[in-house]
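Me: Could you take a close look at one part of this model with me, and tell me how it sits within the rest? I'd enjoy one connected walk through it.

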Amino acid sequence: MSGYAPDEKLRFDQLVKLRREPVLPAKPPGAIAKFWSGFLEPKSLWRIYTYKAYRGGVFTLTRLLIPVWLVHYYVKYHVTQRPYGIVELKPKLFPGDTIMETGEVVPPLPETHGHH
């Protein structure tokens with residue numbers, strides 16, 4: 001026996017017809033759909049320039065700004081040779097004390113007569 005029996009062939013044809021989608025005329029896209037289809041089209045000028053700007057920003061941040069900031073931080077806080085260049089809290093100065101950076105002596109306060 002070769003092929004389908006008549007009832008099998010009829011059933012198969014009916015299933016094939018049911019599986020097909022109805023052919024309807026395509027609706028024209030709306031204004032928003034037209035905008036996005038053109039906006040996101042591959043190789044469009046907008047996408048090319050956006051990609052170039054993104055890559056330039058990533059390069060600037062990762063290859064220039066962050067390394068420069070790290071070098072600046074290291075030099076400022078770990079390599080500087082100036083004594084007292086970075087002081088968390090400066091000591092209080094009183095009349096007669098010597099300023100260590102300049103070697104000056106703090107002059108005494110002028111005496112004032114009167115009310116406080």
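How much area does the chain expose, and what share of it do carbon and sulfur atoms supply? After that, please stay with helix H3 (residues 45-79) and work outwards from there.

Reply: Happy to! Please keep in mind that this is a predicted model. The chain exposes about 12000 Å², and carbon and sulfur atoms supply 64% of that area. Of its 116 residues, 2% count as buried. The chain holds 3 helices and 0 strands, so to speak a plain α-α-α pattern when read along the sequence.

Now to H3 itself. This helix has 35 residues, and the distance from its first C-alpha to its last is 48 Å, close to the 51 Å expected at 1.5 Å a residue. H3 also carries a kink of about 35°, centred on Leu61.

Leu61 turns up again on the surface. Together with Phe59, Leu64, Leu65, Ile66, Trp69, Leu70, Tyr73 and Tyr77, Leu61 forms a nonpolar patch. The accessible area of these residues together is about 910 Å². Phe59, which belongs to H3, counts as partly exposed because its relative accessibility is 45%, and partly exposed covers values between 20% and 50%. Two other members of the patch are worth a look as well: Trp69 is exposed, with a relative accessible area of 53%, while Tyr73 is partly exposed at 40%.

Trp69 and Tyr73 bring us to the aromatic rings. A pair of rings is described by the distance of the centres and the angle of the planes. The model has 3 aromatic pairs by the rule used here. One of them lies outside H3: the ring centres of Phe35 and Trp36 are 5.3 Å apart and the planes stand at 75°, so this pair is edge-to-face. An angle over 60 degrees is what earns that label. Phe35 is partly exposed, with 46% relative accessible area, and Trp36 is also partly exposed, with 42%. Back in H3, the rings of Trp69 and Tyr73 have centres 6.2 Å apart and planes at 35°, so that pair is tilted. These two residues are 4 apart in helix H3, and therefore about one helical turn separates them.

Stepping just outside the helix, Lys43 lies in the loop between helix H2 (31-39) and H3. Lys43 has a positive phi of about 65° although it is not a glycine. With 76% relative accessibility, this lysine counts as exposed, the cut-off being over 50%.

For completeness, let me finish with charges, which take us over to helix H1 (residues 6-19). The structure holds 1 salt bridge, formed by Asp13 and Lys9, whose closest N and O atoms are 4.0 Å apart. Asp13 and Lys9 are 4 residues apart in H1, and so they are separated by about one helical turn. Asp13 is partly exposed at 35% relative accessibility, and Lys9 is partly exposed at 46%.

So, to return to your chosen part: H3 is a helix of 35 residues with a kink centred on Leu61, and Leu61 belongs to the nonpolar surface patch that also includes Phe59, Trp69 and Tyr73.

Terms used:
Residues numbered from 1 in each chain as written. Predicted model: local features only at pLDDT ≥ 70, side-chain atom pairs only at ≥ 80, totals over all residues. Heavy atoms only, no water. Buried < 20%, exposed > 50% of the residue type's maximum accessible area, 1.4 Å probe, protein only. Areas by Shrake-Rupley, 256 points an atom, 1.4 Å probe, with all protein chains shown as cover. Patch = residues over 30% accessible without salt bridge, like charges linked within 9 Å, V, L, I, M, F, W, Y side chains within 5 Å. Salt bridge = Lys/Arg side-chain N within 4 Å of Asp/Glu carboxyl O. Expected span 1.5 Å × (residues − 1). Bend = angle between axes of the 7 residues up to and from the residue. Phe/Tyr/Trp six-rings, centres within 6.5 Å; stacked < 30°, edge-to-face > 60°.
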